[in-house]
Amino acid sequence: MEATAILAAPLVQDQAKARSSRPSMLHRARLVEYIVRAEEAAGVTADENKIPIIVGVPTAEKFGVSGQSRGQIEALRFAFVSGGRLPDGTVVRGNHFLNSRKVWTERFVIGIQSFQFTGEIHNFVQAVWKKYQSEVPILLTEHGFDAVQAALPIYQGNGGTHDEANQARIVAQQIANTNNTRAYYAILRRMCFFQWLNTYYKCGDPSGGKAKYSNTCTEGNFGQVKWNEFGAPPPTPTRTGKTRKGQTYPIDQANQKPAVYEAVRIGFFGS
């Protein structure tokens, strides 16, 4: 199995914060420098044994460029090569060591996440190609659509709590759109697809008659709220586990979805 270094800390997404992004970019460059120096110290010299460097960026608009966050990509590019000035005036210092090892041109990959099927991925890839041509390969690290959202009428759903048939339709459209984009732009290398086969439990407080979602997980609140159903009662899983302190938490239950599976199979391998 090929190892991959993924630097997934979120990057700033609005121009107001752009001036504070310079340390973030430099930290990423410094971390990658540590990785490369460790490789060299260990005698890792063959290209096939070197890990790709993947950094996630949002697909939101940045610096007036529709469909792609050029500000983040440009800042990363400057931080990994010889430095430069961003459109908002932010100066990003380069990294001579990484530049001399050609990390940006030979090992760098942009990672994006999108659960849309209305052109977001295509617009992002197209904009990156126009700016950088083949310089910046792209990996779609998270893609898919869940059955809860698929039930909404806005997505032609059945209006119920879940719509797996419509989920399969949307999934097929997502994969077809991405395949079409890759046919035009080779910089879109691969994608990782979520089939949403499980009941995904989050942290929260189920007391007071209405479950409240929380980003802060503790042994006491883990798994108390269902994903995409933050207002629902506490889940009633068929299997549970216990923490070291004896607190109970739900274990995800995989649900077989033949229609979704078939959509993914045909999308990746053809009929």
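Mentor: Let's fix one term before we start: two residues are in contact when they have heavy atoms within 4.5 Å. Keep in mind, too, that this is a predicted model.

Trainee: Okay, so which residues does Ile 138 touch, leaving out those up to four places away in sequence?

Mentor: Going by that cut-off, Ile 138 touches Val 109, Ile 110 and Ile 112, then Phe 124, Val 125 and Val 128. Further along, Ile 187, Leu 188, Arg 189 and Arg 190 are on the list as well.

Trainee: What about the largest nonpolar core: which residues there touch the most other members?

Mentor: That core has 44 residues, and Ile 138 is one of those touching the most other members, along with Ile 73, Leu 76, Phe 80, Ile 110 and Phe 124. Helix α2 gives the most to this core, with six residues. In soluble globular proteins, nonpolar side chains tend to be buried together.

Trainee: Ile 73 sits in α2, residues 70–80. Why is Ile 73 called buried?

Mentor: Compare the value with the cut-off: buried means under 20% relative accessible area. Ile 73 is at 0%, so it counts as buried. Its C-alpha is 9.8 Å from that of Tyr 132, with their positions 59 residues apart in sequence.

Trainee: And Gln 72, also in α2? How do you know whether Gln 72 is buried or exposed?

Mentor: Same test. The relative accessible area of Gln 72 is 2%, and the limit for buried is under 20%, so Gln 72 is buried. From its C-alpha to that of Gly 56, 16 residues away along the chain, the separation is 9.5 Å.

Trainee: How much of the protein counts as buried?

Mentor: Of its 271 residues, 41% do. They belong to a protein with eight helices and 13 strands.

Trainee: Let's do helices α7 and α8. What makes α7 roughly parallel to α8?

Mentor: The axes of α7 (residues 164–184) and α8 (residues 258–269) come within 8 Å and cross at roughly 15°. Angles under 35 degrees count as roughly parallel, so α7 is roughly parallel to α8. The crossing is right-handed.

Trainee: Which residues make that contact?

Mentor: From α7, among them are Val 171, Ala 172 and Ile 175; from α8, they include Val 260, Val 264 and Phe 268. By class, the contact has nine nonpolar, three polar and one charged residues.

Trainee: What share of contacts joins residues at least 24 apart?

Mentor: Among contacts between residues at least 6 apart in sequence, 61% do.

Notes:
Residues are numbered from 1 along each chain as its sequence is written. This is a predicted model: local features need pLDDT of at least 70, side-chain atom pairs count only at pLDDT 80 or more; totals for chains, interfaces and linings use all residues. Side-chain values use heavy atoms; hydrogens and water are left out. Helices (H or I, at least four residues) and strands (E, at least two) are DSSP runs, numbered from the N terminus. Buried means under 20% relative accessible area, exposed over 50%, partly exposed in between (1.4 Å probe, protein chains only). Axes are lines fitted to C-alpha atoms, for helices over the stretch in contact, and angles run from 0 to 180 degrees between N-to-C directions. Angles under 35 degrees count as roughly parallel, over 145 as roughly antiparallel, 65 to 115 as roughly perpendicular and the rest as oblique. A crossing is left-handed if the near helix is turned anticlockwise from the far one by less than a right angle, and right-handed if clockwise. Ala, Val, Leu, Ile, Met, Phe, Trp, Tyr, Cys and Pro count as nonpolar, Asp, Glu, Lys and Arg as charged, and the others, Gly among them, as polar. A nonpolar core is a set of buried Ala, Val, Leu, Ile, Met, Phe, Trp, Tyr and Cys residues joined through side-chain atoms within 4.5 Å.
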